[in-house]
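Let's take a friendly walk through this protein together. Please have the viewer open and turn the model as you read.

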Amino acid sequence: MTVKKHGGARTNSGRKLPAIDEHRAFSLYAQGVPKKVIADRFGIAYKSMLTIFRKAGKLIRKGKNENDR
């Protein structure tokens with residue numbers, strides 16, 4: 001049996017994200033509520049909130065100009 005060098009030994013064996021109402025979180029973010037406040041409202045870690053937004057493709061990086069890419 002070969003062992004993977006990174007990640008879990010089985011597919012999807014990593015730590016699961018907390019279950020939240022993603023639609024509600026995204027709508028709060030669209031209204032201008034900061035991600036840290038949203039994480040506090042749902043009672044989850046800020047890093048988990050960032051992961052949820054990143055996986056859904058909703059994470060918008062601020063501070064970079066479109067022409068700098």
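Does Lys-16 count as buried or exposed? Lys-16 counts as exposed, because its relative accessibility is 58%, and exposed here means over 50%. Before we go on, please keep in mind that this is a predicted model. You will find Lys-16 in the segment before helix H1, which spans 22–30. On the surface, Lys-16 gathers with Arg-10, Arg-54 and Lys-55 in a patch of positive charge.

Now step back and look at the whole chain. The protein chain has 3 helices and 0 strands, and reading along the sequence gives the pattern α-α-α. Of its 69 residues, 22% count as buried. The chain exposes about 6,100 Å², and carbon and sulfur atoms supply 48% of that area. You may also like to know how far along the sequence the contacts reach: among those between residues at least 6 apart, 44% join residues at least 24 apart.

Helix H2 is a good place to go next. It covers residues 35–42, with Phe-42 among them. Phe-42 is partly exposed, because its relative accessible area is 27%, which falls between the cut-offs of 20% for buried and 50% for exposed. Leaving aside residues up to four places away in sequence, Phe-42 touches Ile-20, Asp-21, Arg-24, Ala-25, Leu-28 and Met-49. For a view of how the chain folds back, pick Phe-42 and Pro-18: these two are 24 residues apart in sequence, while their C-alpha atoms are 9.6 Å apart in space.

Lys-35 also lies in helix H2, and it deserves a pause. Which side chain of opposite charge is nearest to Lys-35? That side chain is Asp-40, 13 Å away; Lys-35 is buried yet has no salt bridge. A salt bridge would need a side-chain nitrogen within 4 Å of a carboxyl oxygen. As for its surroundings, Lys-35 touches Tyr-29, Tyr-46, Met-49, Leu-50, Phe-53 and Leu-59, not counting residues up to four places away in sequence.

That brings us to helix H3, residues 46–56, whose buried residues are Ser-48, Met-49, Leu-50, Ile-52 and Phe-53. These buried residues of H3 pack against H1 and H2. Some of the names will be familiar by now: Met-49 is touched by Phe-42, and Lys-35 touches Met-49 as well, along with Leu-50 and Phe-53. A general point about helices may help as you look along H3. An α-helix has 3.6 residues a turn, so residues three or four places apart point the same way.

Try colouring Ser-48 next, which has its place in helix H3. Ser-48 counts as buried because its relative accessibility is 18%, and the cut-off for buried is under 20%. Setting aside residues up to four places away in sequence, Ser-48 touches Leu-17 and Pro-18. Pro-18 is the residue we paired with Phe-42 at 9.6 Å, C-alpha to C-alpha.

Finally, follow H3 to Ala-56, which lies in this helix. Ala-56 counts as partly exposed, because its relative accessibility is 35%. Ala-56 and Phe-26 are 30 residues apart in sequence, with 9.6 Å between their C-alpha atoms. After H3 comes Gly-57, whose phi is positive, near 75°.

Note on methods. Residues numbered from 1 in each chain as written. Predicted model: local features only at pLDDT ≥ 70, side-chain atom pairs only at ≥ 80, totals over all residues. Heavy atoms only, no water. Patch = residues over 30% accessible without salt bridge, like charges linked within 9 Å, V, L, I, M, F, W, Y side chains within 5 Å. Areas by Shrake-Rupley, 256 points an atom, 1.4 Å probe, with all protein chains shown as cover. Lys, Arg positive; Asp, Glu negative; His and termini not counted. Charge placed at Lys NZ, Arg CZ, Asp CG, Glu CD. Helix = DSSP H or I, 4+ residues; strand = E, 2+ residues; numbered from the N terminus. Buried < 20%, exposed > 50% of the residue type's maximum accessible area, 1.4 Å probe, protein only. Contact = heavy atoms within 4.5 Å.
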